[in-house]
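Notebook open, model loaded. I'll jot down what I look up as I go.

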Amino acid sequence: MENTTRQGVKFGLILLLLLAVLGLRMLLSREGGKPRYTDMPQLLALCDSKNAPAVKEALLHSDEGALRNEETTLLHVLLERDADPAVLREALSPPSPLLRMVQLTDAQGRTPLHVAAARANPAALLLLHCMGARDTTPDREGRLALDIIQELPTRWPRACLSGKTGGNRKAGWS
């Protein structure tokens, strides 16, 4: 009987410890009553809603796993999906954690500049440049973002990535 009591106490203590750990984890996953985003699909759904202020707030309360994985970063995915420009601006405004990702590469060796160039997205290219992205990293094929731009059928300015803008022309586009 004493052995059964010990086992019951042991089981009760283990259960209590487990509940305490789970409760603590739940408390830590919420900061000031705000949900903590833990995976990329949650953030992508919010970004698709085009609610730019909510996206900015969510990024500040996101786990690293929600912002990047072995294959890509949230910034790469937003650019590939041609995210709403207002959402992209908010997502890259300080103190967003995405600012740390403007030079990171995905599994194909592409930086966010490569993705924006391939999507022919001049607004995203300029925004990335303003946020510190530089066209210095070649992808796995050895191409810089500028090389991708030059392969496009449309006319693109070299000033886009060099930081030089043409006189009265908006962002150097003609």
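I started with D135, wanting to know whether it is buried or exposed. Its relative accessibility is 17%, and the cut-off for buried is under 20%, so D135 counts as buried. Worth remembering here: this is a predicted model.

Next I checked where D135 sits: it is in the loop between α8 and α9, the latter spanning 145–151. Then I asked which backbone nitrogen the D135 side chain reaches at 2.7 Å. That one belongs to A145. I also found the backbone nitrogen of L146 at 2.9 Å from a polar atom of the D135 side chain.

I went back to α8 itself, residues 122–130. The buried residues I noted in this helix are A124, L125, L127, L128 and H129. C130, by contrast, comes out at 62% relative accessible area, and over 50% counts as exposed, so I put C130 down as exposed. After α8 comes G132, and I wrote down its positive phi, near 105°.

On to the cysteines. C47 has a relative accessible area of 7%, so I have C47 as buried. How many disulfides does the structure hold? I count zero.

C47 took me to the packing of α2 (residues 40–48) on α3 (residues 52–60): the angle is about 160° and the axes are 9 Å apart. Angles over 145 degrees count as roughly antiparallel, so that is what I call α2 relative to α3. I logged the crossing of the two helices as left-handed. From α2, the contact uses L43, L46 and C47, and from α3 it uses A54, V55, A58 and L59.

Conventions. Residues numbered from 1 in each chain as written. Predicted model: local features only at pLDDT ≥ 70, side-chain atom pairs only at ≥ 80, totals over all residues. Heavy atoms only, no water. Disulfide = S-S within 2.5 Å. Buried < 20%, exposed > 50% of the residue type's maximum accessible area, 1.4 Å probe, protein only. Helix = DSSP H or I, 4+ residues; strand = E, 2+ residues; numbered from the N terminus. Polar contact = N/O pair within 3.5 Å; in protein donor to acceptor, adjacent residues only side chain to side chain. Axes fitted to C-alpha atoms, helices over the stretch in contact; angles between N-to-C directions. Parallel < 35°, antiparallel > 145°, perpendicular 65-115°, else oblique. Left-handed = near helix turned anticlockwise from the far one by under 90°. Contact = heavy atoms within 4.5 Å.
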